[in-house]
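User: Hi! Could you walk me through the aromatic contacts in this protein model?

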Amino acid sequence: CKILRCNSEYLAATLGLRGPGGAICSALRSYAHCTRRAARTCRGDLAYHSAVHGIEDLMIQHNCSKEGPTTAPQPPARQHLQAGDVCDYERSFVSRHSRAPSYQHCAAFGDPHIRTFHDDFHTCRVEGSWPLLDNDYLFVQATSSPVAKGSNATVTTKLTIIFKSMKECIDQKVYQAELGNLPAAFQDGSATGGARPGGSSLAIHEQVPGQHVEICASYIGTTIAVRQAGRQLSFAIRAAQEVAEAFGPEQDLQLCVGGCPRGQRLSRGQRGHSRRLAEAAEALCREMLPVEDLYFQSCVFDVQTSGDASLALAARGALEDARRFLPSARRLHLFQ
């Protein structure tokens, strides 16, 4: 559902406009046209229905006709990023907008559990390779395998991250992690974005050898954490909002954006395990995660399903990443 993009385009078109006038009406007609394009995929989205009713009210308020000129679309994010110092995203954004950028957070860990950019939380089956992100700047693919023979539950065993070439800043770089191999370099052996003038705006930092790597892409205002805990890999990202939203309708399958498809979602119930095992899992997870939120529930589910106590570390690492990457502490803990 692309309603958030419609909302942001309308806000950008009306920024600084005051009172009634043709410009407001043009922006509202464009807004309405955008929501009509999103109607099929957004039918069950409350934000979509709020926007539709809000547009009708605003058009009446400003005495706008439904027919007439529309606001020209805003230039895509890629063009915005090439104004000013393009290899320092935050500095460029502040110079263009006189405010700090907004950021979004997504994570995939454990079974895997997906926390989307919109704070939806799913536990997924997703065996095989699935895209976490697919936009104008980044492609991230997670490959999952069953956590145990005959189990519906899966864990991520391979991550592929592609930083797409940006003329002024970096060459295309590919990072690949597999179980037992969490490298501190890109596939070509380098640890930065290459020989271009802004090459240092992409860099890999090894936090804990073999367990925790961070990739800082300051040219797009993005930081990625990759961890290994037990027999699984986890992924977390803090991305600038306009970067996270820089994709077209053909890039519609992204687990960080839409979460797991409905047919791939699992319940986090106890799934028939013994009470003794459940109590042991709860005790272990309570030591790691004292707040009984969705991270705690995911920890209990993973330890019960796999019998692997090290998966409690995956949930704790995901919570630590969320604490660092989320702009607001109020969004840290999610509850059912």
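Analyst: Happy to; here are some questions and answers on its rings. This is a predicted model, in which local features need pLDDT of at least 70, side-chain atom pairs count only at pLDDT 80 or more, and totals for chains, interfaces and linings use all residues. Residues are numbered from 1 along each chain as its sequence is written, and side-chain values use heavy atoms, with hydrogens and water left out.

User: How many aromatic pairs does a search of the whole structure find?
Analyst: Rings of Phe, Tyr and Trp (its six-membered ring) pair if their centres lie within 6.5 Å; planes under 30 degrees apart count as stacked, over 60 as edge-to-face and the rest as tilted. Searching the whole structure on that basis gives a count of five.

User: What is the geometry of the pair F109 and F121?
Analyst: The centres of F109 and F121 are 6.3 Å apart, with 70° between the planes. That makes the pair edge-to-face.

User: Is F109 buried or exposed?
Analyst: Buried means under 20% relative accessible area, exposed over 50%, partly exposed in between (1.4 Å probe, protein chains only). F109 has 1% relative accessibility, so F109 counts as buried.

User: And F121, at 9% relative accessibility: buried or exposed?
Analyst: The cut-off just given applies to F121 as well. Because its relative accessibility is 9%, F121 counts as buried.

User: What type of pair do F121 and Y295 form?
Analyst: Their ring centres are 5.9 Å apart. The planes meet at 80°, so the pair is edge-to-face.
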